[in-house]
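Hi,

Here is the structure I said I would pass on. Have a look at it first, then read my notes below.

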Amino acid sequence: MVLNALGIFGLVVRADLSPAAAVSAALVFVPGDVIKAVLCALVARGVHAASPGLLPERRWQGRRDPSYVSV
């Protein structure tokens, strides 16, 4: 979303398009971006399921953590 917004801003500034024209020009790329984001999430989910130890486990270090002991 941020990259698309920056791209629209760039079209307005560099290509001298009106904001409405820049948004309509950028809308062409939205379906492809959504498809790529979904595919990326599916691949990441599959990789994580195949190798669950790939990422280190994160632990909450706050007061809500039952293992947190205030000394």
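First, a bit of vocabulary: a residue counts as buried when its relative accessible area is under 20%, as exposed when that value is over 50%, and as partly exposed in between. Keep in mind too that this is a predicted model.

With that cut-off, K36 is easy to place: its relative accessibility is 54%, so K36 counts as exposed. D33, at 28%, is partly exposed. I mention these two together for a reason: their side chains meet in a salt bridge, with 3.7 Å from N to O. Why would such side chains pair up at all? Side chains of opposite charge can do so when their charged atoms come close. Both K36 and D33 sit in helix α3, which covers residues 30-50, and they are three residues apart, or about one turn of the helix. How many salt bridges does the structure hold? Just the one.

Now zoom out to the overall layout. You'll find three helices and zero strands, and reading along the sequence gives the pattern α-α-α. The protein has 71 residues, and buried ones make up 6% of them.

Next, turn the model until you can see the other two helices, α1 (residues 2-14) and α2 (residues 19-26). They pack at an angle of about 135°, and their axes are 9 Å apart. Angles over 145 degrees would count as roughly antiparallel and those from 65 to 115 as roughly perpendicular, so α1 and α2 are oblique to each other. Their crossing is right-handed.

Which residues make the contact between them? On the α1 side they are I8, L11 and V12, and on the α2 side P19, A22, V23, A25 and A26. Sorted by class, this contact has eight nonpolar residues, with no polar and no charged ones.

One last residue to click on is L27, in the loop between α2 and α3. Is L27 buried or exposed? Its relative accessible area is 51%, so L27 is exposed. You can also try a distance from here: L27 and I8 are 19 residues apart in sequence, and their C-alpha atoms are 9.6 Å apart in space. I8 is the residue you already met in α1, where it takes part in the contact with α2.

That's everything from me. Write back if anything is unclear!

Cheers

Key. Residues numbered from 1 in each chain as written. Predicted model: local features only at pLDDT ≥ 70, side-chain atom pairs only at ≥ 80, totals over all residues. Heavy atoms only, no water. Axes fitted to C-alpha atoms, helices over the stretch in contact; angles between N-to-C directions. Helix = DSSP H or I, 4+ residues; strand = E, 2+ residues; numbered from the N terminus. Parallel < 35°, antiparallel > 145°, perpendicular 65-115°, else oblique. Left-handed = near helix turned anticlockwise from the far one by under 90°. Contact = heavy atoms within 4.5 Å. Nonpolar A, V, L, I, M, F, W, Y, C, P; charged D, E, K, R; others polar. Salt bridge = Lys/Arg side-chain N within 4 Å of Asp/Glu carboxyl O. Buried < 20%, exposed > 50% of the residue type's maximum accessible area, 1.4 Å probe, protein only.
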